[in-house]
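User: I would like to learn how to read local features, strand pairing and pockets in a model like this one. Could we go through them one at a time?

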Amino acid sequence: MILRRLLALPSWAGVRVAAGESGLDRPLETVRATLDAGDSPGPGELLVLARELRGTDWQIDALLRRGADSGAAGLLLPEVEPLTATRLLADRLAMPLLVTAARPLDLLVDARLMLAAPELDRANLVLATHRALGERLRSPEEVVTALRGLLRSPVALLDDRGEPVAGELASAGRIRVGEPVPQRVDLDDGVLLAHPALLAGPVLWVAAELTGAEAARADVVPPALAVAAGAVQRWLLANRLELERDARSRTALLGDLLRLDAEPGADLRRRAADAGWRLGGWHVGLRIGVASSVDTVARTTEVVRALRAEQIAAVVVEHGDGWTGWVTFDQEPTAERVRTLAAGLRKAHKALRRTLGAHLGVGRPHPRPDGLAATIAEATDAARLAATRPESGHFLHVDQLGMAQLLLEWTRTDTFEPAARALVAPLRNAPGDLVRTLAVYLDAESSIAETAAVLGVHRNTVTARVARIEQLLGVDLSRPDDRLALHLASRAITLAD
């Protein structure tokens with residue numbers, strides 16, 4: 001064992017290294033107390049001086065020299081302020097000079113216990129962790145706070161991407177999140193430890209970064225991390241059960257509303273009020289579809305967070321492979337308000353696609369409870385089509401459908417596609433993905449800003465591409481006939497490709 005390991009004991013937290021820090025890795029075999037400043041420490045021995053000495057006492061220097069000659073581990077003194085010359089001597093000899101305001105004999109007892117039974121420190125830490133976390137369910141924030149206090153080191157709960165969910169950790173990116181096993185990563189100035197919290201769904205990590213004297217305790221901490229991971233698992237399981245119960249309740253209520261063929265009864269109105277759902281007013285439905293492998297219950301918070309980031313206060317319900325939702329207005333929304341809402345939903349959808357690969361459809365405004373079912377049906381149809389429309393960014397407002405959708409079915413025939421390809425042939429080999437740019441630009445009703453948002457490019461880039469398209473094709477995109485022909489042609493080619 002080395003002296004640095006002793007300094008990591010909780011009871012030794014108040015011990016200060018006054019000098020000789022470079023010698024903290026000296027072997028430590030025993031700890032002995034003495035009242036005689038003329039004593040000589042033996043090899044591997046930490047000598048604890050049990051009586052006070054003045055900082056000017058030459059005997060401290062003599063003790064340091066004798067300890068260095070014999071290969072001692074270090075010297076512990078009652079709280080004094082050693083002279084500068086004494087500190088320089090300790091540094092030169094690499095002889096740790098420790099000082100404490102605590103009772104030296106109490107420290108000696110703890111040190112001897114650790115030397116006699118090294119596993120005792122691990123057992124004490126595990127027991128303290130159980131006591132701190134085991135009495136009741138603890139939130140992730142509470143788990144992190146309690147463990148940080150016990151370890152006197154930074155602690156964090158990380159998600160499956162290594163991002164902090166609770167707490168902070170400078171070296172979180174060093175954890176191999178794809179390997180759900182306990183991990184130890186050596187850092188330049190310490191050790192990073194991590195333990196997975198395994199449940200169905202994404203793996204979470206309880207991680208601690210031990211530096212300085214605490215790094216010497218790296219062999220003691222892993223069982224405490226395992227206890228903390230268990231506490232996180234209990235919280236997640238209880239939270240998941242509550243979420244699933246609420247999700248089933250919301251889904252059942254939504255189903256009852258969608259099956260309405262008359263005014264809702266008193267019981268249904270009360271259930272809706274309990275859920276915080278407004279049945280009056282004007283509703284705009286939305287449908288977010290995802291792959292069947294996505295855990296919709298666990299990811300609902302992520303969806304709500306993305307909508308709130310765009311100031312959209314929507315009801316969101318887990319429903320099939322995705323989420324059904326709606327936004328309610330007090331009065332019939334103007335066309336401008338609907339466009340603003342659609343723009344916000346597009347931004348939220350773009351954020352969700354980074355992690356969920358979602359497609360989103362938006363319905364028209366409809367009033368009253370029966371209108372809620374109508375707008376959700378429209379949103380569902382739009383979402384189904386959006387799933388096959390990469391040129392629209394997998395986002396579709398039902399107002400973009402109608403007669404154009406019927407014409408599009410014709411464009412998928414064998415007779416139309418060759419003509420469509422010939423029409424836009426000058427764009428095919430030109431740089432800048434001009435065919436897709438044309439389709440998106442016309443889908444967006446010539447909106448440069450919306451086209452840029454869908455393509456993920458700057459507005460100036462879209463403007464330059466549109467000018468190049470008009471030049472190569474010799475058309476004027478402000479003319480309705482040219483727009484219709486090119487819209488159908490570019491859409492047909494994009495879908496075919």
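Analyst: Let us begin with backbone geometry, keeping in mind that this is a predicted model. Asp433 lies in the loop between helix 14 (425–428) and helix 15 (434–443), and its phi is positive, about 50°, although Asp433 is not a glycine.

User: Is Asp433 buried, partly exposed or exposed?

Analyst: Burial is read from the relative accessible area, where under 20% is buried, over 50% is exposed, and values in between are partly exposed. Asp433 has a relative accessible area of 44%, and therefore counts as partly exposed.

User: Which residue in the loop between helix 15 and helix 16 should I look at next?

Analyst: Look at Ser446, which is found in that loop between helix 15 and helix 16. Ser446 is not a glycine either, yet has a positive phi of about 65°; with 26% relative accessibility, Ser446 is partly exposed.

User: What does the UniProt record say about residues 434–492?

Analyst: An annotation is best read beside the coordinates. The unreviewed UniProt entry annotates residues 434–492 as "domain: PucR C-terminal helix-turn-helix". In the model, the chain over residues 434–492 is 78% helix and 0% strand, with its end C-alpha atoms 14 Å apart.

User: How should I read a loop residue that meets a remote part of the chain, and where is Gly20?

Analyst: One sets separation in sequence beside separation in space, and then turns to the contacts. Gly20 sits in the loop between strand 1 (16–19) and strand 2 (30–34), and because its relative accessibility is 0%, Gly20 counts as buried. Gly20 and Ala90 are 70 residues apart along the chain, while their C-alpha atoms are separated by 4.8 Å. Once neighbours within four places in sequence are set aside, Gly20 is in contact with Ala90, Asp91, Ala94, Met95 and Pro96.

User: Which residues does Pro154 touch, leaving out those up to four places away in sequence?

Analyst: With those neighbours left out, Pro154 touches Glu168, Leu169, Ala207, Ala208 and Glu209. Pro154 belongs to the loop between helix 6 (140–151) and strand 6 (155–158), and at 38% relative accessibility Pro154 is partly exposed. From Pro154 to Leu210 there are 56 residues in sequence and 7.4 Å in space, taken C-alpha to C-alpha.

User: Turning to strands, which strands pair with strand 11, and in what sense?

Analyst: For a pairing one reads the direction, the bridges and the residues that stand opposite each other. Strand 11 (residues 282–289) pairs with strand 13 (residues 322–329) in the antiparallel sense over 8 bridges, with Gly289 opposite Gly322 in strand 13. Strand 11 also runs antiparallel to strand 14, to which 7 bridges join it, and here Val284 stands opposite Pro365 in strand 14. In a regular strand the side chains alternate between the two faces of the sheet. Strand 11 is mostly covered, since 7 of its 8 residues are buried.

User: What does Thr296 touch, and is Thr296 buried or exposed?

Analyst: Thr296 is placed in helix 9 and, at 12% relative accessibility, counts as buried. Apart from residues up to four places away in sequence, Thr296 touches Val290, Glu318, Gly320, Gly322 and Trp323.

User: How many residues line the largest pocket, and which elements contribute?

Analyst: A pocket can be read through its volume, its lining and the classes of its lining residues. The largest pocket holds about 1,200 Å³ of space. Of the 28 residues that line the largest pocket, Pro202, Leu204, Ala298, Arg299 and Glu302 are the closest to its centre. Helix 7 (222–258), helix 9 (296–309) and helix 10 (335–356) are the elements that give two or more residues to this lining, whose residues divide into 15 nonpolar, 4 polar and 9 charged.

User: Which element gives the largest share of the lining of the second largest pocket?

Analyst: Helix 10 does, with 12 residues. The second largest pocket encloses about 770 Å³ and is lined by 28 residues, with Ala342, Ala343, Arg346, Phe395 and Glu450 nearest its centre. At least two lining residues come from each of helix 10, strand 14 (359–367), strand 15 (395–397) and helix 16 (448–455), and by class the lining has 11 nonpolar, 6 polar and 11 charged residues.

Technical notes. Residues numbered from 1 in each chain as written. Predicted model: local features only at pLDDT ≥ 70, side-chain atom pairs only at ≥ 80, totals over all residues. Heavy atoms only, no water. Helix = DSSP H or I, 4+ residues; strand = E, 2+ residues; numbered from the N terminus. Buried < 20%, exposed > 50% of the residue type's maximum accessible area, 1.4 Å probe, protein only. Contact = heavy atoms within 4.5 Å. UniProt positions renumbered as here; feature names shortened; annotations may be inferred. 1 Å grid on protein atoms, 1.4 Å probe; cavity = no way out; pocket = protein on both sides within 12 Å on 5 of 7 lines; lining within 4 Å. Points joined across faces, edges and corners; volume = space filled by probe spheres on them. Nonpolar A, V, L, I, M, F, W, Y, C, P; charged D, E, K, R; others polar. Pairing = 2+ DSSP bridges.
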